[in-house]
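Here are my notes on this structure, set out as numbered points. Please read them with the model open.

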Amino acid sequence: MLTEDFASKRMVTAINSFSLHWADILVLVVYFAIVIGFGVWSSCKNRGSVEGYFLAGRSMSFLPVGASLFASNIGSGHFIGLAGSGASNGIGVAGFELNASYVLIILGWVFLPVYIKADVYTMPEFLKKRFGGDRIRFYQTILALILSIFTKISVDLYSGAIFLNQALGWNMYVSVIALVALAALFTIGG
């Protein structure tokens with residue numbers, strides 16, 4: 001019992017005294033510069049139409065599209081939530097993510113041809129064409145926004161703040177403000 005208390009206090013002290021080396025910071029800065037640069041280049045290349053924005057002008061092969069879908073799905077919730085659950089409960093947590101691949105295959109083989117044939121790019125647009133009128137489109141858009149704010153955005157901001165707090169020692173509120181500012185920059189930039 002006494003040994004466990006000493007070991008846990010020693011671990012907490014080691015975590016609190018952790019600091020990043022300049023090479024670690026350089027790798028992070030270069031990584032983010034490359035990702036942001038590629039995103040800006042790709043965004044400027046495919047502007048001008050809805051098809052260009054959502055489908056890259058139908059000029060991309062399956063590999064970058066799949067990589068983009070995978071990368072846009074990974075967020076701070078995965079780094080904090082799933083990694084923490086996996087560390088505490090074991091590899092069985094990976095089944096949650098692995099089973100999503102079956103749903104994505106069904107989406108690609110069953111539903112995507114319907115959307116392509118209907119010449120739509122978003123779900124509200126499909127609902128408007130399928131059922132007519134703007135009420136269902138408006139309802140689905142508002143519902144998606146509300147659910148996204150309360151189930152996805154708030155969780156990602158909190159887990160992102162935890163990540164920045166643990167990695168860089170930032171205050172939680174400063175971390176949330178920095179994440180919101182970065183998201184606003186990406187959203188406004190297109």
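1. Start with α5 and α8 in this predicted model. Helix α5 covers residues 76-89, and its axis lies 8 Å from that of α8. The angle between the two is about 75°. Values from 65 to 115 degrees count as roughly perpendicular, so α5 and α8 are roughly perpendicular to each other.

2. Which residues make that contact? On the α5 side they are Ser76, Gly77 and Ile80. On the α8 side they are Asp156, Ser159, Gly160, Ile162 and Phe163. Keep Asp156 in mind, as it returns in the salt bridge with Lys152.

3. Now take α7 against α8. Helix α7 spans residues 123-131 and packs on α8 at an angle of about 155°. The axes are 8 Å apart. Angles over 145 degrees count as roughly antiparallel, so α7 is roughly antiparallel to α8. The crossing of α7 past α8 is right-handed. From α7, the contact uses Met123, Pro124, Glu125, Leu127, Lys128 and Phe131. From α8, it uses Ile136, Arg137, Gln140 and Thr141.

4. Helix α7 also meets α6. Here the axes come within 11 Å and cross at roughly 65°, so α6 and α7 are roughly perpendicular to each other. This crossing is left-handed, whereas α7 passes α8 in a right-handed one. Val114, Tyr115 and Ala118 are the α6 residues in the contact. Their partners in α7 are Met123, Phe126 and Lys129. Met123 is thus listed in the contact with α6 and in the contact with α8.

5. Look at the loop between α6 (94-118) and α7, where Asp119 sits. Asp119 is not a glycine, yet its phi is positive, at about 60°. Is Asp119 buried or exposed? With a relative accessible area of 43%, Asp119 is partly exposed. I would list this residue by name in any backbone check.

6. How many salt bridges does the structure hold? There are 2. Side chains of opposite charge can pair when their charged atoms come close. One pair is Lys128 with Asp134, with the closest N and O atoms 3.3 Å apart. Lys128 counts as partly exposed, at 33% relative accessibility. Asp134 is also partly exposed, at 48%. Lys128 is one of the α7 residues in the contact with α8.

7. The other pair is Asp156 with Lys152, at 3.2 Å from N to O. Both residues lie in helix α8, which runs over residues 135-168. They are 4 residues apart, so about one helical turn separates them. Asp156 has a relative accessible area of 22% and is partly exposed. Lys152 is partly exposed too, at 41%. Asp156 also appears in the contact between α5 and α8.

8. On the overall fold, the protein has 9 helices and 0 strands. Along the sequence the pattern reads α-α-α-α-α-α-α-α-α. What share of the 190 residues counts as buried? The figure is 8%. Among contacts between residues at least 6 apart in sequence, 36% join residues at least 24 apart.

9. Last, confidence. The mean pLDDT of the protein is 79. Residues that reach 70 or more make up 82% of the chain. Which element has the lowest mean pLDDT, and which the highest? Helix α1, residues 2-16, is lowest at 50. Helix α8 is highest at 87. Where pLDDT is low, the predicted coordinates should not be read in detail. Helix α8, with the highest mean, takes part in the packing with α5 and with α7, and holds the pair Asp156 and Lys152.

Technical notes
Residues numbered from 1 in each chain as written. Predicted model: local features only at pLDDT ≥ 70, side-chain atom pairs only at ≥ 80, totals over all residues. Heavy atoms only, no water. Salt bridge = Lys/Arg side-chain N within 4 Å of Asp/Glu carboxyl O. Buried < 20%, exposed > 50% of the residue type's maximum accessible area, 1.4 Å probe, protein only. pLDDT = per-residue confidence, 0-100. Axes fitted to C-alpha atoms, helices over the stretch in contact; angles between N-to-C directions. Parallel < 35°, antiparallel > 145°, perpendicular 65-115°, else oblique. Left-handed = near helix turned anticlockwise from the far one by under 90°. Contact = heavy atoms within 4.5 Å.
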